[in-house]
Amino acid sequence: MVALPGVDPAWSTYLDVPSTAAADNPGTVHSWHYLDNGRQLADAGTAVRGTLLCVHGNPTWSYLWRTLVAQGVTEGWRVVAVDQLDMGFSRRTRTFRRLADRVTDLEDFVAALELEGPVVTVGHDWGGVVSLGFAHRNRFDLAGVVLTNTAIHQDPAVPIPAPLRLALLPGMHRHGTRTTSAFLDVTHALARPKLRRDVHAAFRAPYRTGADRAGIANFVSDIPADPSHPSHAALADIAEGVRTLEVPALMVWGPRDPVFTDTYLEDLTRRLPSADVHRFEDAGHLVQEDADVAGTVFRWLDERLPAGAPGIPADAPSSLPDAVSLESAAARTPPTFLWHQLLERSAGPEQGSIAVAEMGSDGIRRRLSWRELADDVDAVAAGLSRLGLGQGSRVSLLVPPGVDLTVSTYACLRIGAVIVVADAGLGTKGLSRAVKGSVPDAVIGIERALLAARLFGWPARRISVGALPAGTRALLRVESSLEALRTTPPGPLQDPEPDADAAILFTSGSTGPAKGVVYTHRQLSGMRDTVGGTFGLGPGGALVAGFAPFALLGPALGAASVTPDMDVTAPKTLTAQALGAAAQAIDATAVFAAPAALRNIVATRGGLGPSGAEALGLVTMVLSAGAPVPARLLEQVQELLPAATLHTPYGMTEALPVTDIDLEGILRAAADAAHPAGAMPGAGNGVCVGRAVQAASIAVSPLSQGGIPDGAPTTAPGVTGEILVDAPHVKDRYHRLWRTEGASSRTPPWHRTGDVGHFDEAGRLWVEGRLGHLITSPGAVLTPVGVEQALENVDGVRLAAVVGVGPTGTQAVVAVIEADRPNGRVRGRSRKLVLADAALTECARSAARKTGVELAAVLTAPALPVDVRHNAKIDRTKVAEWASAALAGGYRTP
């Protein structure tokens with residue numbers, strides 16, 4: 001084999017293997033090619049922990065596994081990556097090999113190699129099927145199973161993926177797979193990003209001629225497209241057999257795969273329910289080329305098959321932390337479920353009062369009393385059960401906040417279904433990723449959402465919110481509607497297990513692709529108890545919810561809730577008039593609104609009428625979270641709601657809330673930080689978010705000089721580090737993000753938030769930014785928020801982002817400003833990221849110097865990129881890309 005990028009020539013090995021496959025005559029011997037790092041391990045005297053047996057698919061070869069072979073040397077794992085017969089540099093047998101033959105082939109190879117356990121099979125594409133077939137039939141030495149983008153079952157009611165149907169067409173099959181390299185080239189084109197030229201050439205190396213590609217053609221022909229196919233029985237045997245595997249399993253997936261979609265991943269997880277799963281959101285079919293599969297696999301092996309485990313040498317290295325004793329779930333006090341207050345108030349004297357309402361432009365558009373809400377929830381729950389949905393079913397709710405979303409949420413929870421909630425504000429692309437990635441059993445949605453489900457092929461049964469015309473129902477393939485479900489007579493409902501999954505809530509996507517966050521019923525109840533206990537929200541209260549999660553918590557708290565007349569995907573659309581009308585409708589005692597909403601409320605206060613002003617005057621609490629809220633904005637809000645205590649809790653989708661502080665506390669913290677007697681390293685640098693909420697604990701993991709949060713958890717004042725939180729309402733895990741979950745929970749019992757901050761001498765937490773936004777300037781690691789706040793106090797500056805430009809360790813500090821005055825804005829053809837004028841630059845630099853930071857450059861942008869959920873979190877990663885391009889001369893329009 002010629003030298004290839006990423007391959008040590010010493011790995012390339014050939015072995016003559018006697019065949020027992022049905023496709024061959026007795027006595028047949030085949031020459032197999034494979035990559036093997038065993039000799040390197042032996043030469044180094046490394047204690048071998050086991051063997052990874054890697055099997056490629058079609059139309060790749062063992063080259064696909066080169067990163068595992070290389071990293072196996074340092075990790076103490078022998079990696080044997082085979083070229084299946086008729087593929088790679090193994091022999092062209094000139095026989096048609098069925099799936100059953102290929103499983104036997106692998107057994108023959110392992111026997112000839114005299115491979116002993118422990119063995120972990122690793123497969124991709126067709127190699128996933130073959131490796132599972134081997135695992136199913138050879139369990140004695142089997143220690144684990146790793147799968148990447150594969151499938152072992154095809155629903156007979158669903159056609160195989162379109163690319164495979166095309167490849168199987170009589171007029172296309174031979175020409176596309178053998179006569180030409182089309183199938184090969186199309187597969188390679190799926191890499192994200194595009195394969196390097198030398199890597200692409202390496203993948204093509206064994207397949208130069210039509211004869212070389214015979215195996216590619218035969219693999220395609222052997223796809224069991226329906227039960228009549230000759231290989232269907234073998235596939236079915238494997239699919240059923242793996243259900244009884246009792247070894248650790250890992251699935252590493254590239255969801256941007258036009259063939260092996262999340263539907264096939266879902267099927268595999270149902271057959272191997274204890275498997276760990278990690279989806280690399282931006283990866284596709286060639287996930288090994290797109291993402292760090294090798295690092296993920298070896299990290300998983302360290303955790304699931306550590307040194308000293310049965311069959312694993314005790315002197316092999318292990319990266320596992322010391323074991324942590326966890327409290328038994330069975331010993332914990334059972335929670336009261338979210339619907340406890342709903343049932344209680346629907347049977348009490350309050351049953352006729354408003355429980356939930358939604359506003360329109362001319363007043364209350366719809367309302368339900370506590371009794372009506374409970375009855376509606378019971379009816380819809382019965383209807384969902386009639387459709388076969390229940391314990392563990394995932395139901396995606398694509399319904400705007402209001403009555404229907406509240407009813408749908410509680411109906412699903414009552415039957416033990418798992419609600420999947422993703423913001424429409426994620427945009428079509430982001431929302432589609434979230435829905436497809438969660439693989440719901442059903443989607444409940446408005447007509448527009450169901451149209452998206454139809455267009456983008458979201459795999460789920462569809463239920464409309466309202467009744468639809470027959471033609472529309474047929475077009476959108478809608479099975480039922482909430483109206484139809486409500487006709488089902490209610491029946492008895494059994495409470496789910498407290499530690500069963502209850503919800504998958506997606507993050508805002510402000511720090512990368514939106515992540516699904518899994519909560520159990522116990523953790524949702526913990527969230528309710530924390531919110532109620534911290535803010536005094538409970539039975540008899542009334543909440544104006546400009547943010548969907550708080551609208552859904554209303555019934556759980558026993559508080560009436562109303563959704564104001566606004567576009568919930570754009571918080572900045574909430575006006576003072578709409579807020580006043582909503583508060584008046586339910587005699588509101590509390591308001592939740594995002595910072596962007598508060599800005600617009602203040603900006604539109606001139607439209608607030610006397611009755612609205614009177615209603616706002618009775619509100620006793622305002623909550624605003626999602627991004628820093630300047631004290632001056634809160635002071636303006638205070639003028640509109642004079643009786644309210646203004647709170648800015650800090651939290652995240654993974655733990656909401658974590659800390660709390662009110663306006664008085666913010667002003668006191670600012671005064672303490674500014675007072676010379678209170679001066680200390682880091683004091684006042686960032687946003688003060690107060691102290692831990694009820695039942696929560698917080699700490700920081702100190703940063704190293706290189707900006708790595710590797711210090712022991714501490715609450716010492718003035719120490720900057722990654723913020724850690726432990727609380728009953730912290731998420732259970734990330735949905736199918738095993739690697740991400742491992743990183744976030746690697747310091748039990750803490751959840752690592754990815755935020756950076758410090759404590760002051762009074763025990764208050766200050767947030768300084770995100771780990772990913774640290775600036776590594778020469779001699780120091782800087783955090784952005786404190787400098788940004790100083791810049792936002794400069795006259796004419798609306799928003800500011802501070803980023804690092806240049807190589808890690810030598811980054812220059814650059815400020816990018818969004819101005820709020822005419823002479824600070826860029827107009828016309830100059831609406832680009834450009835250098836600020838001299839006056840603005842000098843003011844910005846002067847403000848930054850007061851925080852101890854010297855700005856290398858000050859740029860202006862027409863608008864800074866913010867998240868879709870809160871319209872407030874700045875995407876500093878994107879800003880850094882803009883600034884780098886601008887300072888390199890590549891001025892661009894943001």
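The paragraphs below lead from the overall build of the chain to its sheets and then to some single residues.

This is a predicted model, in which local features need pLDDT of at least 70 and side-chain atom pairs count only at pLDDT 80 or more, while totals for chains, interfaces and linings use all residues. Residues are numbered from 1 along each chain as its sequence is written, and side-chain values use heavy atoms, with hydrogens and water left out.

It helps to begin with the chain as a whole. The C-alpha atoms fill a box of roughly 95 × 70 × 60 Å, taken along the principal axes. For 894 residues, a compact globule would have a radius of gyration near 29 Å, and the value of 30 Å for this chain agrees with that; the radius is taken over C-alpha atoms, and the globule rule is 2.2 Å times the number of residues to the power 0.38. Of the 894 residues, 56% are buried, where buried means under 20% relative accessible area, exposed means over 50%, and partly exposed lies in between (1.4 Å probe, protein chains only). The accessible surface of the chain comes to about 35400 Å², and 53% of this belongs to carbon and sulfur atoms; such areas come from the Shrake-Rupley method with a 1.4 Å probe, and for residues only the protein chains shown count as cover. Among contacts between residues at least 6 apart in sequence, 71% join residues at least 24 apart, a contact being heavy atoms within 4.5 Å.

The secondary structure comes to 31 helices and 36 strands, which are DSSP runs numbered from the N terminus, with at least four residues for helices (H or I) and at least two for strands (E). Two strands are said to pair if DSSP finds at least two bridges between them.

One open sheet is formed by seven strands in the order 10-9-19-18-20-21-22, and its pairing is mixed. At its edges stand strand 10 (363–369) and strand 22 (645–647), each of which pairs on one side only. Neighbouring strands of this sheet are turned by 15° against each other on average, with direction ignored. Within the sheet, strand 9 (residues 354–360) and strand 19 (residues 560–563) run parallel and are joined by three bridges, and here A357 of the chain stands opposite V562 in strand 19. Helix 16 (residues 403–414) lies across strand 9 and strand 10, running at about 140° to strand 9; for such angles, axes are lines fitted to C-alpha atoms, for helices over the stretch in contact, and the angles run from 0 to 180 degrees between N-to-C directions.

Another open sheet has eight strands in the order 15-14-13-11-12-16-17-28, again with mixed pairing. Strand 15 (478–481) and strand 28 (733–734) stand at the edges with a single partner strand each, so one side of each is left without a neighbour in the sheet. Strand 12 (residues 418–421) runs parallel to strand 16 (residues 501–506), and three bridges join the two, with V421 standing opposite L505 in strand 16. Helix 21 (residues 521–535) packs on this sheet, where it touches strand 16 and strand 17 (516–520), and its direction makes about 90° with that of strand 17.

Some details of the backbone also deserve attention. Most residues other than glycine have a negative phi, and most peptide bonds are trans. The peptide bond from G117 to P118, however, is cis, with omega near 0°, and P118 is placed in the loop between helix 3 (99–113) and strand 5 (119–124). A cis peptide bond also joins L656 and P657, with omega about -5°, and P657 is found in strand 24 (residues 655–660).

Although R94 is not a glycine, it has a positive phi of about 60°; R94 is placed in the loop between strand 4 (78–82) and helix 3, and counts as exposed because its relative accessibility is 85%. V439 has a positive phi near 45° and lies in the loop between helix 17 (427–438) and strand 13 (442–445), but V439 counts as buried because its relative accessibility is 6%.

Finally, S777 lies in strand 31 (residues 775–777) and counts as buried, at 12% relative accessibility. Leaving aside its neighbours within four places in sequence, S777 is in contact with L782, G809 and Q811.
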